[in-house]
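Visitor: I would like to take a close look at a single part of this structure and see how its surroundings are arranged. Could you guide me through one strand and its neighbours?

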Amino acid sequence: MNLWFRLLWLLASFSFRPRLTPPLDVSDLAFRVWPLDLDTSLHMNNGRYLWRTMSKLRGATDFVVQEVGAGWPGAIAELTDHFTVDLAVVTTVGYDHGSAYDVPYSDVLDAIALEKGKLVEAVGPSGLVCLNADDLRVAAMAARTGARVVTFGRAESADLRAVDVGARW
């Protein structure tokens, strides 16, 4: 199962899980990375590839999970104008594709955050938005939606908080 799908499932099922009483209770989540979790699609996350994915669907389909990129100004709107978005996850705002935005380097992250926020805006009031509480630009996107917002990360303010994180090789 894809790692992103597992994360989405965890976030979507958050409300149905027993509540912890912080700070005394601890939840131990084990994640494994399988070979199929690797990015074999070579970042095919723009409109062209979403249309390709949609065209391959056969029969009735209840939902589609698709990574959507903010590779240039207007990239998100090209997709959200044509599809209903029920759940959005924004993990981070980084300098990827920053050269596509015609702004000074010091403003690139804000421009990309503005574009990624359009995905959050596209989620309807009955939808769910999952935001990384560790990235201030991402966390600020909560104000751009009327949907339910669940935050995740290591920040104290996160609804789903990662603590005592480690890695073994």
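Guide: What follows is a walk around strand 2 and the elements beside it, in a model that is predicted.

Strand 2 covers residues 123-132, and because 7 of its 10 residues are buried, that is, under 20% relative accessible area, strand 2 is largely enclosed by the rest of the structure. On one side, strand 2 pairs with strand 1, residues 85-90, in the parallel sense and over 5 bridges, and within this pairing valine 85 stands opposite valine 123 of strand 2. Between these two strands the chain passes through helix 4, residues 108-122, in a β-α-β crossover that is right-handed. Helix 4 lies across both strand 1 and strand 2, and its direction makes an angle of about 140° with strand 2.

Strand 2 also pairs with strand 3, residues 148-153, again in the parallel sense and over 5 bridges. Two of the positions involved can be named: leucine 131 has threonine 151 of strand 3 as its bridge partner, while asparagine 132 has phenylalanine 152 of strand 3.

Seen in its wider setting, strand 2 belongs to an open sheet of 4 strands, which follow the order 1-2-3-4 with parallel pairing. The edges of this sheet are taken by strand 1 and strand 4 (160-161), each of which has a single partner strand, so one side of each is left without a neighbour in the sheet. In general, the strands of a sheet pair through backbone hydrogen bonds, in either a parallel or an antiparallel way.

Conventions. Residues numbered from 1 in each chain as written. Predicted model: local features only at pLDDT ≥ 70, side-chain atom pairs only at ≥ 80, totals over all residues. Heavy atoms only, no water. Buried < 20%, exposed > 50% of the residue type's maximum accessible area, 1.4 Å probe, protein only. Pairing = 2+ DSSP bridges. Right-handed = clockwise from strand over helix to strand, strands pointing away. Contact = heavy atoms within 4.5 Å. Axes fitted to C-alpha atoms, helices over the stretch in contact; angles between N-to-C directions.
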